[in-house]
Amino acid sequence: MLEYRPPEQDFEFLLFELFKVQEQWADIPAFADISEDITRAVLSEGGRMAAEVMAPLNQSGDEEGCTWLDGEVSTPPGFKAAYDEIAGGGWLGLSGNPDYEGQGMPKLLGCLLEEMFWGANSSLYLYGTLTTGASICIDNHGTEQQKATYLPKLYSGQWSGAMGLTESHAGTDLGIIRSRAVPAADGGYRISGTKIFITSGEHDLTENVVHLVLAKLPDAPAGSKGISLFIVPKFLVDEQGKVGERNGVVSGSLEHKMGIRGSATSVMNFDEAQGFIIGEPNRGLACMFTMMNYERLSVGLQGLGAGELAYQQAVRYARERLQGRSPTGPKNPDRDADSLLVHPDVRRMLLTIRALTEGGRAFAMFVGMQLDLGKYTGDEQAARFSELLTPIAKAFLSDRGFECAVMAQQVFGGHGYIREWGVEQIVRDTRIAQIYEGTNGVQALDLVGRKVLRDGGATLQELFDGFDLSTIDTCYREPLEKAFAGVIAATEHIVSRSAVDPALAGAISTDYLELVGYTLYGWFWARMARVAGEDAYGCAKQDCARFYFARLLPKVLGLEASVISESACVMALADEAF
Ligand SMILES: Cc1cc2nc3c(=O)[nH]c(=O)nc-3n(C[C@H](O)[C@H](O)[C@H](O)COP(=O)(O)OP(=O)(O)OC[C@H]3O[C@@H](n4cnc5c(N)ncnc54)[C@H](O)[C@@H]3O)c2cc1C
């Protein structure tokens, strides 16, 4: 049985002691009124929602799945009532624009809430995250009328969002999509084509589904410079914002998949559906990236939530399961065996999950903070940091989340492989986070190609320059200095060699992203160790920090060596030899 408890103590430590958010928010007019009490109340109510409303439906949603009948999709029993409760609580508009009935709360706080919702029930939360992503895109690129029509309904959860990019022949390479948008006499467009893998494309949770769809105009230039973005509502909306006639968009079938089975993933057929352009013609991909960048951080948080959920199950099991004896002598002499917790290798696994999850949480909050600073104070440097860190947040958090899920499964031995305990579901549900919203390989390419090579590593250097090593304990300074130096050396290598070795960036990008990720976690672990107190919680933080520096940070040495190489070792093997 999967059980989920919000990690409240860690949240409070990070918010009020590590990041001292109240001091920061006091300087941002939009957040100045958010007191510590309000912050605690939001987290506590969000935690209740996650633990009491969402988590109890996690395993049943997986067992029951979604069903399709003649274009209509039914979600698992209980999802509709739970979704109504999430929507009614205002959770979908938490960081939304207050001018359109959003609540304007900081993204940093939103990160913690999202982590809980993902951890409690990733399938159910997917309906929410696509809705939030769609509202961010419309808020940034829509007309006043589009904002007024769609945002309040999306924030309230009355309508939901979906994102229509992928076609059967076009996933990563969106430049070759075939969906067409033909201008109509009424000033709108008629959209035709088939999209696959559309999360929340059709379901029974909301009155309307607002599809954001990529398509090409008749005279569009070839490739990614010829893509436009359209709002295609399932039901057309009249001037008073009421839903009316059914639009030409239907679910052709549901995809049968490995995990997130409570999330409806549809093939969507658009047949001369009425569409309304967002932003400029042929500039749709840039607008869609606003939605995707939000979704990318969110998918990273999916990995983080999974890591926390996995940790909680594995610790509970390791305490209860009796197998073998401690290497330092029996700990439980009155029973046949000691608990799994006595075994160093089991402890290694539990500590790895915990160190990656708590380090990842601090990192995710830092990214959220950069997004807030960029958006609400116009801090140009923070905006650049958030762009740099977004692919790392998506890929590193989701890769580590999956690793943690598998490690937790390993703690269960054979019991982790059978369904009863639920831990195999965490593995299945988390795997997708490494694939959708741009595969993690593509995130690594984005980091190296777009973010690092573009400015020769200058933004990364600025980020590291802001980490003041005098604010961490001396025992962590030297290894961290070496890790920073390793990242800079690897960056210089890529910058200097890419011109003569064009395949280099792609050949080393995944290792480079991991190198940066482990180094950044090192910074946050060192800072957490400095700030943690002397109580039981603080001592545990210190122990985890020591574990991170002794056992996980050294991975950067291997990664650095692997990045400082040429592409030939990857490219030499002839295609026919594979
Ligand atoms: C459950 C689920 C839900 C989804 N939800 C949505 C949704 O709501 N909306 C939507 O539009 N899509 C959605 N997707 C689609 C998802 O985003 C794509 O599957 C993903 O982006 C990868 O595209 P692809 O499957 O076509 O793989 P491909 O693009 O064919 O890639 C295959 C492999 O090749 C690699 N690769 C491809 N191109 C390059 C390159 N240029 N350089 C290096 N490596 C490359 C990839 O990293 C990958 O490992 C969903 C998919 C699933 C499975």
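1. A polar contact is taken here as a pair of N or O atoms within 3.5 Å, and on that reading a polar backbone atom of Met 163, at 2.7 Å from a nitrogen atom of the ligand, makes such a pair. The coordinates under discussion belong to a predicted model, and the remarks below should be read with that in mind.

2. Two further residues approach the ligand through polar atoms. Thr 166 does so with its side chain, a polar atom of which lies 2.6 Å from a nitrogen atom of the ligand, whereas Phe 197 uses a polar backbone atom, placed 2.7 Å from a nitrogen atom of the ligand. Taken on its own the ligand has 970 Å² of accessible area, and the protein covers 62% of that area.

3. The shell around the ligand consists of 20 residues, and the closest are Met 163, Thr 166, Thr 172, Phe 197 and Thr 439. Sorted by class, ten residues of this shell are nonpolar, eight are polar and two are charged. At least two shell residues come from each of strand S3 (159–164), strand S5 (189–199) and helix H13 (440–452), and S5 gives the most, with three residues.

4. Phe 197 deserves a second look, since the residue belongs to strand S5 and has a positive phi of about 60 degrees although it is not a glycine. As background, most residues other than glycine have a negative phi. The backbone of Phe 197 is also the part that supplies the polar atom 2.7 Å from a ligand nitrogen, and a reviewer may wish to inspect both features together.

5. A comparable backbone value occurs at Glu 272, where phi is near 50 degrees, again positive in a residue other than glycine. Glu 272 is found in strand S11 (residues 265–278), and Glu 272 counts as exposed because its relative accessible area is 55%, with the cut-off for exposed set at over 50%.

6. Gln 434 sits in the loop between helix H12 (423–431) and H13, and the residue counts as buried because its relative accessibility is 13%, where buried means under 20%. The side chain of Gln 434 takes part in two polar contacts with other side chains, one of 2.7 Å with Asp 399 and one of 2.8 Å with Arg 431. With neighbours within four places in sequence left aside, Gln 434 is in contact with Lys 394, Ser 398, Asp 399, Phe 402, Thr 439 and Asn 440; of these, Thr 439 is also listed among the residues closest to the ligand.

7. Phe 79 lies in helix H5 (residues 79–88) and counts as buried, because its relative accessibility is 0%. Beyond residues up to four places away in sequence, Phe 79 touches Leu 57, Gly 61, Asn 121, Ser 123, Leu 124, Tyr 127, Leu 205 and Gly 262. For orientation within the model, the C-alpha atom of Phe 79 is separated by 32 Å from that of Phe 366, a residue 287 positions away along the chain.

8. Strands S8 (residues 235–237) and S9 (residues 243–246) run antiparallel and are joined by two bridges, with Phe 235 paired to Arg 246 in S9. The two strands form a hairpin with five residues between them, and Gly 241 in the turn has a positive phi of about 85 degrees.

Terms used:
Residues numbered from 1 in each chain as written. Predicted model: local features only at pLDDT ≥ 70, side-chain atom pairs only at ≥ 80, totals over all residues. Heavy atoms only, no water. Near = heavy atom within 4 Å. Polar contact = N/O pair within 3.5 Å; in protein donor to acceptor, adjacent residues only side chain to side chain. Areas by Shrake-Rupley, 256 points an atom, 1.4 Å probe, with all protein chains shown as cover. Helix = DSSP H or I, 4+ residues; strand = E, 2+ residues; numbered from the N terminus. Nonpolar A, V, L, I, M, F, W, Y, C, P; charged D, E, K, R; others polar. Pairing = 2+ DSSP bridges. Buried < 20%, exposed > 50% of the residue type's maximum accessible area, 1.4 Å probe, protein only. Contact = heavy atoms within 4.5 Å.
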